[in-house]
Amino acid sequence: MSSSSTSIMDNLFQRSLEDLIKGFRLQLLGESNFISRALEEIRREIKVTDLSTKSTALHKLSYLAALHGVDMSWAAFHAVEVVSSPRFQHKRIGYEAITQSFHEQTSVLLLITNQVRKDLNSANEYEVSLALECLSRIGTHDLARDLTPEVFTLLGSSKAFVKKKAIGVVLRVFEKYPDAVKVCFKRLVENLESSDPQILSAVVGVFCELATRDPGSCLPLAPELYKVLVDSRNNWVLIKVLKIFAKLASVEPRLGKKVAEPICEHMRRTVAKSLVFECVRTVVSSLSDHEAAVKLAVAKIREFLVEDDPNLKYLGLNALSIVAPKHLWAVLENKEAVVKALSDEDPNVKLEALHLLMSMVNEDNVSEISRILMNYALKSDPFFCNEIIFSVLSACSRNAYEIIVDFDWYVSLLGEMARIPHCQRGEEIEHQLIDIGMRVRDARPQLVRVSWALLIDPALLGNLFLHPILSAAAWISGEYVEFCKNPYETVEVLLQPRTGLLPPSIRAVYIHSAFKVLIFCLRSYFSAEESTLSFSAQEFSSASSSMNAFTYESILNLVNVIELGLVPLSGTHDVEVQERTKNVLGFIGMIKQDLAEKLNLQDSETEVFRVTAFMEDVFSEELGPVSATAQDKVCVPGGLELKENLGDLEEICGEFLKPVDSVSYTDKISFSVSKLRIRDQQEASSSSSPPHEASSLLAEHRKRHGMYYLPSQKDDPDSNGTPNDYPLANELANEISPDPFNPKKKPNQSKQRPVVVKLEEGDESRNPPQAKSNIETVNDDESLSRAIQSALLVKNKGKEKDKSETNPNSGQQEKEESSRIEDHQNSEKKKKKKKKKNGERSSKHKSRGRNEVASASEQVIIPDYLL
Amino acid sequence: MGIRFILMVNKQGQTRLAQYYEWLTLEERRALEGEIVRKCLARNDQQCSFVEHRNYKIVYRRYASLFFMVGVDDDENELAILEFIHLLVETMDKHFGNVCELDIMFHLEKAHFMLEEMVMNGCIVETSKANILSSIQLMDKAH
């Protein structure tokens, strides 16, 4: 506790763990100081040869490592030393340290194998249990392999205490060393019939894990497990058995029929809520085809839902969400409880309720549910509010807006969402607005209207999360300007000084949209002028007739407004904004003269006319949704080498690609490139420059490997016009034709659902990334399940033989079985034990032989008993 | 795997016991403990005892000043785990006599031993208080 140097007392007497803890507690500040001093002590003490001192030091170290995050891997060897002590106290400390800190990479792992083996064979059951516990936590492939015989012995131990733990360890051993299955499986299965509840519990636990990994391989054990299900009164065991059956029933549906009744019986009789819940979960996940069972389960869920206990409510909602996909009626029955849960205190409960509501949503009730949810969103905290918005957005946009019939309503809903104070889902809303614009032609007028409302709302400009929405609104206003009520106002809004609050990328969109509007206005004006002549421009007359007439003055005014708005921006720092501004100003520059002079504008030869027509052409191409697989459809131009490896480059650029030690590397490259340029220019301009040695080498180089060099700025005879090998973007868009329309005509609806463009493939561009499957564990699982299957095969075959053979032959069969196991055993003593056990086993087998009649074939199928 | 880890943490966020059934490095453990403790401490008594964290669930319950937190796989029965926690507390109570945080601090190995009796390889293997206590008592007597 004091910070002074160590006193004599400290040197003579080692501090025990208790002292350490006490000292720690008295420490108010300087925790890390205390820890480092303690560590110093420990380091000194642990090197001592006296095992007692060593083990106390190790004990302290384990404590520090467990609770204060101190690294103890350096003490691995000392742990091994401590474990070898004959005293139980020391052993325990040693094992604890090992269990806590050893892992696959620990180098001294090999050293403990013998010690563990000795302890596993010890007469003292507590030493055995220490060793077993250690093996179960840190068992590696090698350890498992080396210690399988010992584990096998212990599985047959007479002491229940030891047996139980051995069973527990088996799982780890199997996992790390699948061959152990052949040895130990029989004994494991035998224990299923044990009357000792401890053993049974352990065995069932192991099978629960095995069934999770590979249900198919545990299927043959169904009869035994069924007995446990029916007979057992221990809730823990029952829960585990239920889990096993849940997995098995999903693999073998006939099993479901058999177990449905006992499960329902349990549901009715038991008082324990945990068991009820497990039954319910089993029924709704794996037995969802059995109506009676499902009905009972839903009734139980209802009971959970109305309880006050938040745990039960949460679990009830959870179970309901599992049952929802197949049995929607269950959810609808409990609709009020679900809606009530939306306003619960517990955020978990609220989320579950939200997911449930979304599962109920369909074409008819989508507006009603959205209305309810929007109200909740306004009242909730930011997190939940955004959850609501997100789930509504994703439910409605699923499968290209499958459930939306009235797009006008949906678009205005999107606008409404933008106005919710806590909304942070700007990007998703932006994406959907634009997406709908591209796919649903009929919704465009409404989109433009909603965009207008968004654009003129000053409050939105300051909200960072909503900027993406404004970007979408601006884009829509520009792209579908033909539906605009008043293009002049649109331009004013797009160029108002307030837009300075927006980030440059969005401002760029605003400016570009203003450009599109300008083109549209000009074009309408010209075509209006034209139509006064005999030529009628059908496509524009309908639009322009409903708008303000485009007069010369208004056009002039428009151009001036735009110019005024944009000139200040032409010096801005942002590249994108500056470029767009210059584009527009350049265009205006081109037409201004002609406009001002009010030349004969009907003359199609005028600059302004031509230029406007050209730009209008550019913007008139309709943009549609692009499939995610579009890139694959681009044919690779011939002669393009993509798969060749670049090993050849070594030859060419070897001298340039030296290791990056010095800066000269980059100098060299740039030097050579610039030299190249100089060289080219020299070549092009004059041919009389005396070549330096370096440049002549370069020329040599270039001649040999010309195709790897970039074309120079001048006309390069080598260039084969690569830019033209790729088809133009416009051509691509035409290739990807939209799906033939499938108009959904609902007979009794006043409004038809508008046409939604859907692409054949690659439509869902927002797929979540696939969960990466860990290849290693898959391989492990496979080998484990194969081992189990073969073990069961052996078991069945053995029983088969028993049935067909008579007694005199059983001796021979015994020898066969023992020889099979002999492969794995080394000691004679064990061989004798095996023979005796086999004798016992074969008699057992005979009594059960009846049941195994059906398993004559190679495949492992359920015996008749169950069918 | 069933149970992934068991933690006992007090209200100030200090870990009193940490038992892991899968290998995690020191940094991972610290980070994990920090995150989970924050999540659980932020909840009040009216909220349910289950918290989702990454790909597993945490079942927790507060007894006096100590939080008992068990990290389990997604398919584990939460109510059963709550009962397990209660069983653990009752067992410790019986052994130490009115167990409190200090008991666990000073007799960490006893607590570990109790846990080892009850959980093996992440599966619950022993649920009878009598059995657990008798084996602990026997072990103490023998040494």
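# A walk through chains A and B

Let us start at one residue: at 14% relative accessibility, Glu252(A) counts as buried. Here buried means under 20% relative accessible area, exposed means over 50%, and partly exposed covers the range in between, computed with a 1.4 Å probe on protein chains only. The partner of Glu252(A) is Arg254(A), and their side chains meet in a salt bridge of 2.9 Å, N to O. A salt bridge is counted when a side-chain nitrogen of Lys or Arg is within 4 Å of a carboxyl oxygen of Asp or Glu. Arg254(A) is partly exposed, because its relative accessible area is 42%. Elsewhere, salt bridges with shared partners join Lys243(A), Glu278(A), Arg281(A), Lys57(B) and Glu78(B) into one network.

Before going on, a word on the model. It is predicted, so local features need pLDDT of at least 70 and side-chain atom pairs count only at pLDDT 80 or more, while totals for chains, interfaces and linings use all residues. Residues are numbered from 1 along each chain as its sequence is written, chains are lettered from A and ligands numbered from 1 in the order in which they are written, and side-chain values use heavy atoms, with hydrogens and water left out.

Now for the two chains. Chain A holds 42 helices and 0 strands. These elements are DSSP runs numbered from the N terminus, with helices (H or I) of at least four residues and strands (E) of at least two. Of the 867 residues in chain A, 49% count as buried. Its accessible surface is about 44,600 Å², and 53% of that belongs to carbon and sulfur atoms; such areas come from the Shrake-Rupley method with a 1.4 Å probe, and for residues only the protein chains shown count as cover. Among contacts in chain A between residues at least 6 apart in sequence, 69% join residues at least 24 apart, where contact means heavy atoms within 4.5 Å.

Chain B has 5 helices and 7 strands, and along the sequence they follow the pattern β-β-α-β-β-β-α-α-α-β-β-α. Its 143 residues are 61% buried. Among its contacts between residues at least 6 apart in sequence, 49% join residues at least 24 apart. About 5,600 Å² of chain B is exposed, with carbon and sulfur atoms supplying 48% of it.

Where the chains meet, 61 residues of chain A are in contact with 55 residues of chain B. The area buried between them is about 4,900 Å², and carbon and sulfur atoms give 55% of it. Buried area is the accessible area (1.4 Å probe) that two parts lose on being put together, summed over both. There are 6 salt bridges between chain A and chain B, and 17 residue pairs in polar contact, both residues at pLDDT 80 or more. Helix H10 (residues 160-176) of chain A gives the most to the side of chain A that touches chain B, with 7 residues. A polar contact is a pair of N or O atoms within 3.5 Å; within protein, one must be able to donate a hydrogen and the other to accept it, and residues adjacent in sequence count only if both atoms are side-chain atoms.

Glu78(B) is a good place to look more closely at this interface. The residue lies in helix H2 (residues 78-96) of chain B, and Glu78(B) is buried because its relative accessible area is 0%. Across the interface, Glu78(B) forms a salt bridge with Arg281(A), the closest N and O atoms being 3.8 Å apart. Within chain B, a polar contact of 2.7 Å joins the side chains of Glu78(B) and Lys57(B). Not counting residues up to four places away in sequence, Glu78(B) touches residues including Phe277(A), Leu315(A), Asn318(A), Phe50(B) and Val59(B).

Back in chain A, the side chains of Arg117(A) and Glu150(A) meet in a salt bridge of 3.5 Å, N to O. Arg117(A) lies in helix H7 (residues 112-120) and Glu150(A) in helix H9 (residues 141-155), so the pair ties together parts that are 33 residues apart in sequence. Arg117(A) is partly exposed at 27% relative accessibility, whereas Glu150(A) is buried at 6%. Another pair, Lys60(A) and Glu45(A), forms a salt bridge of 3.2 Å, N to O. Lys60(A) is in helix H4 (residues 51-68) and Glu45(A) in helix H3 (residues 31-46), 15 residues apart.
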